[in-house]
Each structure stands twice: as C-alpha cells, then as structure tokens.
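Subject: Structure handover

Hello,

Here is the structure I promised to pass on. Please open it alongside this note; my findings follow below.

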Amino acid sequence: MASAGLQFFAFILALLGVFGAITATLLPNWKVNADVGSNIITAITQMQGLWMDCTWYSTGMFSCTLKYSVLSLPVYIQAARTTMVLSCILSAFGICISTVGMKCTKLGGDRDTKSYTSFAGGVCFILAGIFELIPTSWYTREIISNFLDPTVPESSKNEPGGAVYIGFISAGFLFIAGVIFCTSCFKKQQGAWIYPTKQQQFPATQQENNAGYNLKDYV
C-alpha cells in the first residue's frame, strides 16, 4: 500500500513535470532584457524564446515575431528546441506507460508485467528530465557568459527569464518521479529474491513428512 501511494505521488510529480516542460518550451521569456531608458513611460521589455521574440511596452502594447529560419539561429537555440521537444515526447510516453504499470490501476496484467511497465515509465521520465536539463543549463550558461563579457554593451545583455526556471523545476520533478518508479520496481523484485515463497522454500520437508506418514500406515 505504501509503495502504491509512493507511485501515485511520483505520478503527480511527473504530471507537473510534463506541464512544466510544455510550458517552458512554448514560453517566449527564456531571455529578458528590460530597457527603462530616461522615461518610465517608454519602458520596453524584450523577451526571447525558442520559437519567437516578443516586446512588451509599458503602454500595454505587446508584439511578437516568430523565428522562421532555423539555420540562422545559434547552435544552443537549435539544440534547445530539439531536446525540449524530445523531453515533452518522452514525458508524455512516460505518463501513458506509468499509468499502466501503477499498482493502483487494473491495467497491465499480472504483477511482474506491471513491474516491468512501471520501470519503463520511470526510465522515460529520467530521460525526459535529462533532455530538459541539458538545454536549460546550456541556455543559462550562454546568458551568464554574455552578461559577464565586458565587450558586450549593456543594452545587449540579458538575464534568465521565467521559462528557464520553469525548465529547471520541471526537470527536477521528472527526474525524481523516474527514480521513484524505478526504485519501487527494483525493491519489489529484490524482496522476491530475498524472501522466496513457501512452496519454493520447503518442498523437501513436505515430501519427507508425506513419506513418513506413508510408512506409518504400513506399520
């Protein structure tokens, strides 16, 4: 029962991780640059994402421009696009597979099959967390190195946006959920190896007792 509750907790974490990965992939605020200038009325906030660049004016206007050309993008943005999409796909597969392998569901057949299915779902979550952690770390490194570069003008320096933080948090949720699913399966199999069933443990003793009773009947 405790293991089923732990799996349900991991499933909730995985759901949060999936929603976080999709949100971080679509949000345009991976980079943020606030240019206040001499007048607060003309303040501009520029945001750069994986798929579009947006500009927000203090007057309330908001405009976005899609990034159509893939080859003109820097390498780290191209890699971030690919790995984030892979993370979303793997986490979605992990949700479907872990639903079948959870102990609180009636899907997936017998216990051994559900155990292997749960382990496969955990592996999908771990891979999804790794694929999400790589672009967020690489993107953050590029922002920090650009910010600390003295040759870059102040107007061109950016800071990490909310999408980067969401990516880190959701990657942690996916990784923790995957570890819980994998370890719950491993503990179950290890317990079966350490503590064999009574039918396997005492077959010889039962045969000796049966043979003793048969001899007594002939005396």
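A residue is called buried when its relative accessible area is under 20%. By that cut-off, 34% of the 219 residues in the chain are buried. Please keep in mind that this is a predicted model.

**Layout**

The chain has six helices and five strands. Starting at the N terminus, the order of elements is α-β-β-β-β-α-α-β-α-α-α.

**Cysteines**

How many disulfides does a search of the whole structure find? The search finds one. Its partners are Cys 54 and Cys 64, with sulfur atoms 2.1 Å apart. The torsion about their S-S bond is about 110 degrees, so the disulfide is right-handed. The pair links distant parts of the chain. Cys 54 sits in strand 3 (residues 52-57) and Cys 64 in strand 4 (residues 62-66), 10 residues apart.

The two partners differ in cover. Cys 54 has 1% relative accessibility, so Cys 54 counts as buried. Cys 64 is at 39% and therefore counts as partly exposed.

Two further cysteines deserve a look. Cys 88 has a relative accessible area of 16%, which makes it buried. Cys 96 is in no disulfide. Its nearest cysteine sulfur belongs to Cys 124, 9.7 Å away. At 51% relative accessibility, Cys 96 counts as exposed, because the cut-off for exposed is over 50%.

**Aromatic rings**

The structure holds three aromatic pairs. One of them joins Phe 125 and Phe 181. Their ring centres are 5.9 Å apart, and the planes meet at 40 degrees, a tilted arrangement. Phe 125 lies in helix 3 (residues 111-148) and Phe 181 in helix 4 (residues 162-194), so the pair ties together parts that are 56 residues apart in sequence. Both Phe 125 and Phe 181 are buried.

Which residues do ring pairs link into a cluster? They are Trp 30, Tyr 76 and Tyr 139.

One ring also has a lysine over its face. Lys 157 lies over Phe 147, at 5.6 Å from the ring centre.

**Nonpolar surface patch**

There is a nonpolar surface patch of about 540 Å². It is made by Phe 119, Val 123, Leu 127, Ile 130, Ile 134, Phe 175 and Val 179. Helix 3 and helix 4 each supply at least two of its residues. The largest share, five residues, comes from helix 3. Phe 175 lies in helix 4. At 41% relative accessibility, Phe 175 counts as partly exposed.

**A proline in helix 3**

Pro 135 lies in helix 3. Is Pro 135 buried or exposed? Its relative accessible area is 2%, so Pro 135 is buried. The C-alpha atom of Pro 135 is separated by 6.7 Å from that of Thr 83. Along the chain, Pro 135 and Thr 83 are 52 residues apart.

**Salt bridges**

Side chains of opposite charge can pair when their charged atoms come close. The structure holds two salt bridges.

In one, the side chains of Lys 67 and Asp 53 meet at 3.2 Å, N to O. This pair links distant parts of the chain, 14 residues apart. Lys 67 is in the loop between strand 4 and helix 2 (75-101), while Asp 53 is in strand 3. Lys 67 has a relative accessible area of 14%, so Lys 67 is buried. Asp 53 has 28% and is therefore partly exposed.

The other salt bridge is between Arg 141 and Glu 142. Their closest N and O atoms are 3.5 Å apart. Arg 141 is exposed, with a relative accessible area of 55%. Glu 142 is at 24% relative accessibility and counts as partly exposed.

**Where to start**

Strand 3 is a good place to begin reading. It holds Cys 54 of the disulfide. It also holds Asp 53 of a salt bridge. Then turn to helix 3. There you will find Phe 125 from the tilted pair, the buried Pro 135 and five residues of the nonpolar patch.

Best wishes

Key: Residues are numbered from 1 along each chain as its sequence is written. This is a predicted model: local features need pLDDT of at least 70, side-chain atom pairs count only at pLDDT 80 or more; totals for chains, interfaces and linings use all residues. Side-chain values use heavy atoms; hydrogens and water are left out. A disulfide is a pair of cysteine sulfur atoms within 2.5 Å. Helices (H or I, at least four residues) and strands (E, at least two) are DSSP runs, numbered from the N terminus. Buried means under 20% relative accessible area, exposed over 50%, partly exposed in between (1.4 Å probe, protein chains only). Rings of Phe, Tyr and Trp (its six-membered ring) pair if their centres lie within 6.5 Å; planes under 30 degrees apart count as stacked, over 60 as edge-to-face and the rest as tilted. A charge sits over a ring if NZ of Lys or CZ of Arg is within 6 Å of the ring centre and within 35 degrees of the ring normal. Patches are made of residues with over 30% relative accessible area and no salt bridge: like charges are joined within 9 Å, nonpolar side chains (Val, Leu, Ile, Met, Phe, Trp, Tyr) within 5 Å. Accessible areas come from the Shrake-Rupley method with a 1.4 Å probe; for residues, only the protein chains shown count as cover. A salt bridge is a side-chain nitrogen of Lys or Arg within 4 Å of a carboxyl oxygen of Asp or Glu.
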